[in-house]
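Dear colleague,

I am writing to hand over a structure for your study. Please open it alongside this message and locate each residue as you read.

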Amino acid sequence: MSLDEPNERMGANREDTVARNETFYPGPSRIHLAAFPPKERWDDWTELDSQAWPRRKERHYSLVPTTCFNCESACGLLAYIDKDTHQIQKFEGNPENPGSRGRNCAKGPATLNQITDPDRILYPLKRAGKRGEGKWERVSWDEVLDTIAGRIRKAIVEDRRDEIMYHVGRPGEDGFTERILAAWGVDGHNSHTNICSSGAREGYQLWMGLDRPSPDHANAKVILLISAHLESGHYFNPHAQRIIEGKTSGAKLIVFDTRLSNTATHADHYISPYPGSEAAILLSIANYLIQNNLYNREFVRRWWNWEEYLEQGSEFGDQKSETEEQPRSGEMFIAIGPDQVMFREQRNAEHFAALGKTPDENNGSINISRLRREDNPNFDEFERILKQLYSSYTFEFAAQESGVEAKTLEEIAKLVATAGTRFSSHNWRSATSGISHGWSVARALFMLNSLLGAVATEGGVFPNAWNKFVPKPIYSPPHPKMWNEKTWPREFPLAMNEMSFLLPHFLKEGRGQLDTYFTRVYNPVWTNPDGFSWIEALTDEKLIGCHVALTPVWNETTYFADFILPMGLGPERHDLHSYETHDSQWLGFRQPVMRAARERDGENITDTREVNPGEVWEENEFWMELTWRIDRDGSLGIRQFVESKKSPGTRLSVDEYYGFIFENSVPGLPEKAASENLSPLEFMRRYGSFEINRKVGAIYEETVPGEELDDIREDHLGRVFTRASKPASPNVVPVPSPDGDAEGRRLVGVKVDGEIKRGFPTPSGKLEFFSRTLADWGWREYAIPTYIKSHVHPNNLEPDQTILISTFRLPIQIHTRSANAKWLNEIAHTNPLWLHPSHAVKLGVRTGDLVRVETEIGYFVVKAWVTEGIKPGIVACSHHMGRWKTHESGQKQLTATVRLDHEGDSWGMMRERGTGPYESSDADSLRIWWSDVGVHQNLTFPVHPDPISGMHCWHQAVRVRKAEQTDTYGDIHVDTEKSRQVYQKWLRMTRPADQHSPDGTRRPYWMLRPLKPAREFYKLPEK
């Protein structure tokens, strides 16, 4: 059958498809029937219209690939564009995407709801009243661009670059906007990461240099998840597929989750630990491996920095806590002779008590930091010390901390021991985002991989950058020549990312102001803790001169903006991304599908506004045009970074930008495209993705080639330094920058058993069991993996307090972006408080009753949901719900109308009405049957910045009681003065750079940092 006869009946089975020389994409059976149209027919695909039944009506589609923008996974999508109506009819998966492989969760197809949302913002808007008043007027893009460009140019010329800030939630791209800010010479990048995942990132970076794991779940023998990762974790859809594949092949799944999540129901071993006890459990498993010699001895010998640990151990003496407000249970002790008993103010007395021992009965103890090393340290000595170090992490101790039976923990440990190098693990949010020092949980988890040697192995865990590919762009502006203390304050020198959620406090206490503040795919008033403090800052024009909200939809933060600019949704914009979904390197291409479809039909589209609804623009074009207008004459040296190379004197186009990347920076793509008589850009527009490499393997074991070894020097720890320049690479994925030697050589590798290996991107070149970084920067008591009692440990709670878990995600919602997806909203639209039946009896409440949840700074009133799916005594409330508006502008499907009351530091919110049916261009809006949209709990949370990672510690110590007679559903009260006091309390727990920096710098230069400034600006200013 020829491709010119698409209307003839075609078989969808493998045999018929292959006989037609077309691509066969197998369905769930993986054997017989095709699940997707063959790519050879994507220009003209015919299907019967199901809604026309019983009439036979054919629809002819152009299938255009893009990627989903409804979470961080960027799964592949195919837009089905009706060739007659030129409308997008539906979205399905793209089988050519190596990450998602055509499989999508509910959020992918719901993209259709978003682009047809009757309430979306279609034109640029300018504030016409006071901030928050809800009065807007439509303005032109030219007016917007000239106004904003003028402000930014003036700030740059007047050397007020620190007053320009771009605050992003999910970027959805690999570095485009960071390079725009670098072109401006501005250290103005601010992210949401410290309310999301910095805790886990810190723990991973301290071990392996890179901040994210890339687990090979499909090939694992044992999988350990500290999360609900099958349904809602990081890159959860691509990972979930592979977890199930692993289980199908016989892998055993272990899940730690205080809630009975959907993931837990698939587990072979599920435990519900006390929140914050996870590190104690993990270290008890590590202890089991160590004491029974079940670890990969050769891997530990070759790739742990044990020599550095032995060398540095004797240098670290006593250091008392600068504050007793932060628990300090992390000091480790080892057993020695009874004549050498030493204790550090009995700090670990409760640890020994948990074992039923007194300190004297423990045969005497001494802090490992006082251990004198041998003159010639050897691995046997380290192994002896390792056994002593972790010997007190028994299953009984972990059971007392976690509430999980010791026998159950032992069963899990024995299972982990069977995995060998096929042990995959993952922790993203969960405990690491909930508790103080949550990073120690990720550090303890990765210790299991490091003991087993399951690092960059088949079925193990890879450092994420080894499974990512960020192609070199057409321009790479230099590092900014400045340091912005409003995002990187000296109190947090080891923070993984910007201290974004503290911005209102910084501004209000006089650390500066902002001239121009962009929010993009971010809603800090709703998403962040302490939202009323954000409202106070956003309504003060002395603190924030101009707030520009870049958003396709209304949100709680846009109400306090000066400009609202309609940006494209996922299928209306360009982006590149590469994510660590498995042992592979692949590139995904998000594109405006209507633009691509019309270009297939021969049209020449030069501006995405020509094809998007209303005047919706894409951000690539917006940022390039804004940059051009900031420096029209090129006198500031900015314009050059958005100038066309093909047509000098004109602005760079998106076609030239991406065309350059695909032609010059993606190995194998030009050749693959040429084989199909396509340009690289045409290939990516047609298929939407490209796999560059698979089975990357253990890069750390690569032998450094001779051409990189010039005038080398080797130090006493085996680190090798060279004068040879670093080879150019088309892959510019961010990696850490360990220091070179004192004579200017760069660190090229590490000598292991006589060979110079590539090693890990850490200061030692190895996996860092011992973190010299923590030791040098004032946290020496936590320099090795340890258990640290959190801010919500039972010892730190009042008798009538419990823990509120507020971080769990629903699998069909999208943080703040899903209020305009009707299919998703119908499935889930409320967030009751999870209560165990035993807890509910004590409170005297049933499902549906109102309860008051009291935090440190206020309270919220919510409905109870009594369920055995939560650990007794713990409560939980999903953070997706509780959307609100104070006027008619805004989303209506999932948004309540509220009244804000404000007097001095006292804030209140009272619900006036929920959602309901309404008339719009979408007939389904009249079919809304629900009224409840949940409660905005985050408003009542004070900031809890972890003193090391900078992560906001989400878990709240709360009092839960039956609601008062005057309470109504959704009531919220907050005292922002109390919020300020909590902020100051946590700030006192930090160890600032100007007091603890070992070298007079603000931060270790080797650590990852977005928009990394030039090195000279790392220096602390002279006092």
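The notes below describe empty spaces, one buried acidic residue and some backbone details.

Please keep in mind that this is a predicted model.

**Cavities**

Rolling a probe the size of a water molecule over the atoms shows where empty space is left. Searching the whole structure in this way gives 15 cavities of 30 Å³ or more. The largest cavity has a volume of about 310 Å³. Its lining is made up of 23 residues, and those nearest the centre are Ser-227, Ala-228, Arg-429, Ser-430 and Thr-807. Two helices, H6 (229–232) and H16 (430–434), each contribute at least two residues to this lining. By character, the lining of the largest cavity consists of eight nonpolar, ten polar and five charged residues.

**The second largest pocket**

The second largest pocket has a volume of about 620 Å³. It is lined by 27 residues, of which Arg-719, Asp-739, Pro-763, Arg-772 and Asp-776 are the closest to its centre. At least two lining residues come from each of helix H11 (306–313), strand E24 (719–722) and helix H26 (772–776). Here the lining divides into nine nonpolar, six polar and twelve charged residues.

**A buried aspartate**

Asp-216 sits in the loop that joins strand E9 (213–215) to strand E10 (222–225). What is the nearest side chain of opposite charge to Asp-216? It is Lys-695, 4.9 Å away, and Asp-216 has no salt bridge although it is buried. The side chain of Asp-216 does, however, reach the backbone nitrogen of Gly-459 at 2.8 Å.

**Backbone details**

Most residues other than glycine have a negative phi, and most peptide bonds are trans. The following places depart from that pattern.

- The peptide bond from Trp-53 to Pro-54 is cis, with omega near 15°. Pro-54 belongs to the loop between strand E1 (45–48) and strand E2 (58–67).
- Asn-21 has a positive phi, near 60°, and lies in the loop between helix H1 (14–19) and E1. Asn-21 counts as exposed because its relative accessibility is 66%, and the cut-off for exposed is over 50%.
- Asp-753 also has a positive phi, near 50°, and is located in the loop between strand E25 (746–752) and strand E26 (755–757). With a relative accessibility of 47%, Asp-753 counts as partly exposed.

Yours sincerely

Terms used. Residues numbered from 1 in each chain as written. Predicted model: local features only at pLDDT ≥ 70, side-chain atom pairs only at ≥ 80, totals over all residues. Heavy atoms only, no water. 1 Å grid on protein atoms, 1.4 Å probe; cavity = no way out; pocket = protein on both sides within 12 Å on 5 of 7 lines; lining within 4 Å. Points joined across faces, edges and corners; volume = space filled by probe spheres on them. Helix = DSSP H or I, 4+ residues; strand = E, 2+ residues; numbered from the N terminus. Nonpolar A, V, L, I, M, F, W, Y, C, P; charged D, E, K, R; others polar. Buried < 20%, exposed > 50% of the residue type's maximum accessible area, 1.4 Å probe, protein only. Lys, Arg positive; Asp, Glu negative; His and termini not counted. Salt bridge = Lys/Arg side-chain N within 4 Å of Asp/Glu carboxyl O. Polar contact = N/O pair within 3.5 Å; in protein donor to acceptor, adjacent residues only side chain to side chain.
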